[in-house]
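Me: I have a protein model open and would like to learn how to read its features one at a time. Could we go through it slowly, with the general idea before each case?

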Amino acid sequence: MAKIEISNLKKGSKERFIPQQSVNAEYFVFQQGPAHWFQIDTYGSAGRKNPEKCSQSIRLDRTNAVKLMRIMIEELKISVDELYPDLINDSSSQSF
C-alpha cells in the first residue's frame, strides 16, 4: 500500500506510455482518529492467477486528496461544468 504525500509527488516526463488493460477497482472512505481517508484498491486482470487479490492500494488523507484534485483539474483542463453538470444545467434552466 502507498500513502501519498502530494509534497513528494513530482511531475515526470516520459517518451512512451504502454496501453494498460482495465481492471476492477474499489474505493473506500474511512476515518482513523481525526483523519479522513480515501483509498483506491485495484485488482488483478482476468488472466492472473488470483484476479480477486488486491494488486495495488493508494491512500490519501483529505489534505492530500484536495491537493491531488487541484493538480488533476489543472493538468487535465477540467472545467466546473464538467465536475458539476447537474448544477450548471439546473441553474441555467431556472427562471427568475
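Me: Let me begin with charged side chains: with which residue does Lys11 form a salt bridge?

Reply: As a general idea, side chains of opposite charge can pair when their charged atoms come close. In this structure, which is a predicted model, Lys11 forms a salt bridge with Glu75, and the closest N and O atoms of the two are 3.1 Å apart. The pair links distant parts of the chain, since Lys11 sits in the loop between strand 1 (2-3) and strand 2, while Glu75 belongs to helix 1, 64 residues apart.

Me: Are these two residues buried or exposed?

Reply: The idea here is to compare the relative accessible area with a cut-off, where exposed means over 50% and buried means under 20%. Lys11 has a relative accessible area of 69% and is therefore exposed, whereas Glu75, at 41%, counts as partly exposed.

Me: How many salt bridges are there by this rule, and which residue pairs with Lys3?

Reply: The count comes to two salt bridges. Lys3 pairs with Glu5, with 2.8 Å between the closest N and O atoms. Both partners are read in the way we used before: Lys3 is partly exposed at 48% relative accessible area, and Glu5 is partly exposed at 28%.

Me: Now I would like to look at an aromatic residue. Where does Phe28 lie, and which residues does Phe28 touch, leaving out those up to four places away in sequence?

Reply: Phe28 lies in strand 2, which covers residues 25-32. Leaving out residues up to four places away in sequence, Phe28 touches Trp37, Phe38, Gln39, Asp41 and Tyr43. Phe28 is partly exposed, because its relative accessible area of 33% falls between the two cut-offs. Distance in sequence and distance in space are two separate readings, and for Phe28 and Ile73 they are 45 residues and 22 Å, C-alpha to C-alpha.

Me: Finally, what is the volume of the largest pocket, and which residues are closest to its centre?

Reply: For a pocket, one can read the volume, then the lining, then the elements that supply it. The largest pocket has a volume of about 420 Å³. It is lined by 18 residues, and the closest to its centre are Ala65, Val66, Leu68, Met69 and Met72. Strand 3 (35-43), strand 4 (54-61) and helix 1 (62-75) each give two or more residues to this lining, with helix 1 giving the most, seven residues. By class, the lining holds 15 nonpolar, one polar and two charged residues.

Note on methods. Residues numbered from 1 in each chain as written. Predicted model: local features only at pLDDT ≥ 70, side-chain atom pairs only at ≥ 80, totals over all residues. Heavy atoms only, no water. 1 Å grid on protein atoms, 1.4 Å probe; cavity = no way out; pocket = protein on both sides within 12 Å on 5 of 7 lines; lining within 4 Å. Points joined across faces, edges and corners; volume = space filled by probe spheres on them. Helix = DSSP H or I, 4+ residues; strand = E, 2+ residues; numbered from the N terminus. Nonpolar A, V, L, I, M, F, W, Y, C, P; charged D, E, K, R; others polar. Buried < 20%, exposed > 50% of the residue type's maximum accessible area, 1.4 Å probe, protein only. Contact = heavy atoms within 4.5 Å. Salt bridge = Lys/Arg side-chain N within 4 Å of Asp/Glu carboxyl O.
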